Amino acid sequence: MAAAPASSSAPRPAAGPEPDPSTFIRVRTTLPRRPFPPNATRQPITTERLTLRVLTQDDLAALHELRTQPEVMIWTALGKPDKDLAETQAKLDPFLPPRDEATFNFAICDRATGQMIGIGGCHLWRSAFGWPEVGYMLRKEFWGKGLGTEFLRGFLTGVREQLIAVTATGNDKSQGVLGKAGFKWFTTWLAEDLQKGTGPGSMIELPTFRYFPGGKKGE
Ligand SMILES: CC(C)(COP(=O)(O)OP(=O)(O)OC[C@H]1O[C@@H](n2cnc3c(N)ncnc32)[C@H](O)[C@@H]1OP(=O)(O)O)[C@@H](O)C(=O)NCCC(=O)NCCS
């Protein structure tokens with residue numbers, strides 16, 4: 001069993017760190033079987049301009065560069081760049097053996113040069129909504145060329161499971177990417193904004209999208 005939010009016409013869930021369980025309905029559904037295939041057996045996914053490949057320890061420096069771009073990090077929960085390599089290492093570790101069997105995240109690389117320009121995929125097997133959660137980030141120099149959309153469409157070619165993506169109000173680019181790749185908005189909920197600290201007035205709206213493989217409505 002997995003919890004799922006009520007339909008998009010339901011009242012907005014009460015404020016809280018996660019969607020209010022009292023407004024959930026319960027549905028019987030599936031989740032991807034774990035362990036996932038280990039990194040060592042995962043094949044790259046190739047799109048017109050990108051190669052999506054498994055992450056390795058050698059990606060630490062490139063990941064650190066990505067995660068120290070303020071324009072990128074403002075859209076993460078904490079909203080600020082990693083302060084040192086150790087902090088970036090802690091973000092890389094879930095995607096390396098032995099923890100690779102619980103995640104499905106890729107290095108997003110320029111197909112022509114091999115440069116790692118981003119990271120994306122499934123970093124969370126079970127989101128607050130039950131289904132796996134998708135996320136992505138690209139180096140700012142590569143924005144606005146359709147690469148975010150190309151990544152997500154490429155990633156989805158291997159997906160047979162329902163997926164969730166949580167955005168923040170104002171992240172129009174990310175919402176545009178989701179829409180173009182076939183995700184549909186279904187709810188907007190409130191959570192504590194970790195960038196503002198705790199307490200009254202520190203809430204953030206999180207428009208949330210879902211994806212049904214094969215375009216099923218699931219309703
Ligand atoms: C989100 C991100 C991956 C987008 O990458 P990108 O390669 O620039 O995205 P694309 O070019 O494929 O698509 C962006 C789309 O957003 C939409 N968009 C962009 N700005 C918009 C705006 N101001 N209003 C409405 N839609 C907008 C458009 O549909 C645009 O596509 P189009 O102009 O080609 O039709 C990138 O901006 C990024 O890494 N941001 C920081 C991290 C992040 O926000 N991650 C997602 C967290 S939920």
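This note goes through a predicted model of a protein chain with a ligand, point by point.

1. Overall make-up. The protein chain contains five helices and ten strands. Of its 219 residues, 48% are buried. Many contacts span long stretches of sequence: among those between residues at least 6 apart, 64% join residues at least 24 apart.

2. The largest nonpolar core. This core has 24 residues, and the members that touch the most others are L52, L152, F155, L156, L163 and F183. Both helices and strands feed it, each giving at least two residues: the strands are β4 (50–54), β5 (104–110), β6 (116–124), β7 (133–138), β8 (163–166) and β10 (203–211), and the helices are α4 (147–156) and α5 (172–180). The top contributor is α4, with five residues.

3. A second core. Separate from the one above is a core of 14 residues, with L92, F95, A107 and M116 among them.

4. One core residue in detail. What does L163 touch, once residues up to four places away in sequence are set aside? The list is P132, V134, F155, L156, F183, F209, R210 and Y211. Two of these, F155 and L156, are in the buried set of helix α4. F155, L156, F183 and L163 itself are also among the core members with the most partners in the core.

5. Helix α4. Is this helix enclosed or open? Nine of its ten residues are buried, so α4 is largely enclosed by the rest of the structure. The buried residues are L147, G148, T149, E150, F151, L152, G154, F155 and L156. The charged residue E150 is in that set, as are the two glycines G148 and G154.

6. The ligand site. There are 21 residues around the ligand, and those that come nearest are L138, G144, G148, T149 and K180. G148 and T149 also appear in the list of buried residues of α4. Three side chains place an N or O atom close to a ligand oxygen. For K180 the distance is 2.6 Å. For N171 the polar side-chain atom lies 2.8 Å from a ligand oxygen. For W143 the distance is 3.3 Å.

7. H64 in helix α1. H64 is found in α1, which covers residues 60–66. Is H64 buried or exposed? Its relative accessible area is 18%, and buried means under 20%, so H64 counts as buried. The side chain of H64 makes a polar contact of 2.7 Å with the side chain of T88. Beyond neighbours within four places in sequence, H64 is in contact with D82, D84, L85 and T88.

8. D100, a buried charge without a partner. D100 sits in the loop between α3 (85–92) and β5. The residue is buried but has no salt bridge; R42 is the nearest side chain of opposite charge, at 4.9 Å. A salt bridge needs the two charged groups within 4 Å, so this pair does not count as one. R42 is nevertheless one of the residues in contact with D100, along with F36, P38, N39, P94 and F95; neighbours within four places are again left aside.

9. Salt bridge R53–D59. The search of the whole structure finds seven salt bridges. One of them joins the side chains of R53 and D59, with N and O 2.8 Å apart. The two ends differ in burial: R53 is partly exposed, with a relative accessible area of 23%, whereas D59 is buried at 6%.

10. Salt bridge E71–K140. The side chains of E71 and K140 meet at 3.2 Å, N to O. This pair ties together distant parts of the chain, since E71 belongs to helix α2 (residues 70–73) and K140 to the loop between β7 and α4, 69 residues apart. E71 is partly exposed, at 35% relative accessible area, and K140 is partly exposed too, at 37%.

11. A small salt-bridge network. E141 and R139 form a salt bridge, their closest N and O atoms being 2.9 Å apart. R139 is buried, with a relative accessible area of 10%, while E141 is partly exposed, with 38%. Which residues belong to the network built from shared partners? They are E65, R139 and E141.

Notes. Residues numbered from 1 in each chain as written. Predicted model: local features only at pLDDT ≥ 70, side-chain atom pairs only at ≥ 80, totals over all residues. Heavy atoms only, no water. Core = buried A, V, L, I, M, F, W, Y, C linked by side-chain atoms within 4.5 Å. Buried < 20%, exposed > 50% of the residue type's maximum accessible area, 1.4 Å probe, protein only. Helix = DSSP H or I, 4+ residues; strand = E, 2+ residues; numbered from the N terminus. Contact = heavy atoms within 4.5 Å. Lys, Arg positive; Asp, Glu negative; His and termini not counted. Near = heavy atom within 4 Å. Polar contact = N/O pair within 3.5 Å; in protein donor to acceptor, adjacent residues only side chain to side chain.
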